[in-house]
Structure formats: structure tokens, C-alpha cells
Amino acid sequence: MPQSFEQIRNIYCVGRNYALHAKELGNEIPDEPMIFSKPTHSLHPAEGKLLLPGGVGEIHYEIEVVIRIASTYQQGASIEHCIDGIALGIDWTLRDLQTKLKEKRHPWLTAKGFIGSAVVTDFQPFTGIDSFERIEFSLIRNGQIVQAGSPKDMIFSVQQLIDFIGPRLGLGEGDIIFTGTPAGVGAIADGDSLELKLNVKNEGLGQTFGPLLIEMK
């Protein structure tokens with residue numbers, strides 16, 4: 001496990017934060033942020049081999065921008081004060097299990113928080129909200145782009161997410177937030193190879209993480 005993972009405390013995730021993704025799953029666009037969490041046991045680096053459970057139905061990939069919190073939440077604090085790092089992540093979902101749990105109105109932690117379900121790349125310095133909103137990110141599966149998005153298309157901004165989570169659940173140094181996934185989620189297969197690509201438009205900054213090799217059994 002990367003040393004940077006040892007500093008991660010709480011993992012918050014945002015559901016349905018891109019309108020087209022909500023629509024592709026037949027969900028309504030939320031009026032306020034939908035927040036769930038994952039245990040730290042779910043963390044996995046964005047390279048090497050990732051073992052996912054087999055025989056559980058479809059497992060969907062959901063690429064997201066991840067932000068790292070720099071200090072304890074204080075109302076009115078600037079974004080630059082709140083965030084010190086950005087990364088890309090994959091929020092893995094046991095989709096068939098999640099559907100069954102939702103139908104029973106049960107919590108769906110087991111469909112979202114299983115071991116290896118929170119893939120995170122190395123963190124890069126956060127250089128301000130303007131640069132953040134120029135991020136373009138994509139997930140490449142077996143050489144083909146399957147998801148692509150930008151934080152500028154999020155329904156709830158980073159500021160709104162922090163101001164929603166902070167006073168309700170708490171935010172502190174080392175906490176991370178998966179900020180939501182764009183449209184294009186789909187099922188992974190045994191033997192697939194994934195790369196995560198991050199680019200900052202007009203700044204000439206780009207980086208590709210991976211490969212992440214999938215094994216299912």
C-alpha cells in the first residue's frame with residue numbers, strides 16, 4: 001500500500017453528481033449532494049493487479065476526480081485552504097448487488113465498500129479552483145476511452161460539497177472526497193487493463209496512471 005494511503009482517514013463519495021450519469025442509470029437528479037462512504041480497507045493503488053470478486057454479477061467502473069482535505073473544516077474557509085491535493089479514482093460498484101439492496105431499501109455499503117473498491121492514483125498538488133475546473137479526465141480500458149469528463153460539469157461544485165459534508169459529517173486533514181462520475185459507466189471483465197488519464201486544459205499538464213490489471217475470481 002502506498003505510504004500516502006496511510007494518511008487517508010475518511011473516504012467520502014458523491015453519488016449522481018453528473019446529470020448524464022444520473023440519467024443513464026434512470027435516476028433523478030438530486031436536489032442536494034448524495035453522500036456515502038467507503039472504509040479505508042477499500043483503498044487500492046491505480047496500478048498493478050486488482051483482484052475483484054467473481055460470481056457477484058456485473059462490477060461497474062466509475063472514474064472520478066478525488067480531492068484531499070488539508071485541514072479541519074471551517075465555515076467560510078477558501079478552497080485553497082481546504083484542499084491540498086487532487087487525484088483520480090475508480091469507485092467500483094457491485095451493480096447487481098446494489099440494485100437488489102436498493103429494491104429492499106437496505107443500505108448498499110457492501111456493494112460500494114468492498115475490499116479494493118476505492119482505487120486512487122498518486123495525489124498531485126492542488127493549484128487553485130481555476131485549474132481544477134479545467135481538468136479533463138478519462139478512463140482507458142484496453143486502449144479505448146470508455147469514460148471522460150470534467151469537474152466543470154458537476155452538479156454540485158467542490159465548494160458546495162465541502163460546505164455540505166463539513167458541518168454534517170466532519171472534514172479533517174487526510175480525508176478524501178470522490179466527487180462523482182460522468183456518464184459512460186460499464187461492466188469490467190477479467191483480464192481487462194485500465195489506465196486513468198488526467199489533463200489540465202490550457203496548461204499543458206497531463207499524466208497517465210496505470211496500468212491496472214483486473215483479475216476476477
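This is a short selection-by-selection tour of the structure above. The model is predicted.

**Whole chain**

Start with the protein chain in cartoon view. Six helices and 16 strands make it up. The C-alpha trace spans about 45 × 40 × 35 Å along its principal axes. How does the radius of gyration of the protein chain compare with that of a compact globule? For 217 residues, the globule value would be near 17 Å; the protein chain has 16 Å, which agrees.

Switch to a surface. The accessible surface of the protein chain is about 10,400 Å². Carbon and sulfur atoms hold 49% of that area. Of the 217 residues, 48% count as buried.

Now consider contacts between residues at a separation of 6 or more. Of these, 77% are between residues 24 or more positions apart.

Colour by charge next. The protein chain carries 19 positive and 27 negative side chains. The centres of the two sets lie 5 Å apart.

**Stop 1: strand β1**

Select residues 11–15, which form strand β1. Is β1 covered or open on its two faces? Both faces are covered. I11, C13 and G15 are buried on one side, and Y12 and V14 are buried on the other. That accounts for five of five residues in β1.

Add residues 34–38, strand β2. Five bridges link β2 to β1, and the two run antiparallel. Within this pair, C13 stands opposite F36.

Then add residues 176–178, strand β13. Here the pairing with β1 is parallel, over three bridges. Centre on C13 again: its bridge partner in β13 is F178. In general, strands of a sheet pair through backbone hydrogen bonds, either parallel or antiparallel.

**Stop 2: R16, after β1**

Step on to R16. This residue lies in the loop between β1 and α1 (19–24). Check its backbone: phi is near 55°, a positive value in a residue other than glycine. Most residues other than glycine have a negative phi. R16 is partly exposed, because its relative accessible area is 23% and the partly exposed class runs from 20% to 50%.

**Stop 3: strand β7**

Select residues 83–91, strand β7. Eight of its nine residues are buried, so β7 is largely enclosed by the rest of the structure.

Which strands pair with β7? Show these one by one:

- β6 (residues 63–69) is joined to β7 by seven bridges, antiparallel. In this pair, E64 stands opposite G89.
- β9 (residues 118–120) pairs with β7 over three bridges, also antiparallel. G89 stands opposite V120 there.
- β10 pairs with β7 over two bridges in the antiparallel sense. The bridge partner of G85 in β10 is P125.

Centre on G89 to see E64 of β6 opposite and V120 of β9 opposite.

**Stop 4: F126**

Move from P125 to F126, in the loop between β10 (124–125) and α5 (129–133). Is F126 buried or exposed? F126 counts as buried, because its relative accessibility is 13% and the limit is under 20%.

Show its contacts, leaving aside neighbours within four places in sequence. They are I79, E80, I83, D84, G85, I86 and F132. Pick the C-alpha atoms of F126 and I83. They are separated by 6.6 Å, although the two residues are 43 apart along the chain.

**Stop 5: a three-strand sheet**

Select β8, β5 and β14. These form an open sheet in the order β8-β5-β14, with antiparallel pairing. β8 (93–94) and β14 (186–187) stand at the edges with a single partner strand each, so one side of each is left without a neighbour in the sheet.

Zoom in on β5, residues 59–61. Two bridges join β5 to β8. I59 has L94 as its bridge partner in β8.

**Stop 6: two backbone details**

Go to N142, in the loop between β11 (135–141) and β12 (144–149). Its phi is positive, about 50°, although N142 is not a glycine. With a relative accessible area of 46%, N142 is partly exposed.

Finish at P211, in strand β16 (residues 205–216). What kind of peptide bond joins G210 and P211? The bond is cis, with omega about 0°. Most peptide bonds are trans.

Definitions and conventions
Residues are numbered from 1 along each chain as its sequence is written. This is a predicted model: local features need pLDDT of at least 70, side-chain atom pairs count only at pLDDT 80 or more; totals for chains, interfaces and linings use all residues. Side-chain values use heavy atoms; hydrogens and water are left out. Helices (H or I, at least four residues) and strands (E, at least two) are DSSP runs, numbered from the N terminus. The radius of gyration is taken over C-alpha atoms; the globule rule is 2.2 Å times the number of residues to the power 0.38. Buried means under 20% relative accessible area, exposed over 50%, partly exposed in between (1.4 Å probe, protein chains only). Contact means heavy atoms within 4.5 Å. Accessible areas come from the Shrake-Rupley method with a 1.4 Å probe; for residues, only the protein chains shown count as cover. Lys and Arg count as positive and Asp and Glu as negative; His and the chain ends are not counted. The place of a charge is taken as NZ of Lys, CZ of Arg, CG of Asp or CD of Glu. Two strands pair if DSSP finds at least two bridges between them.
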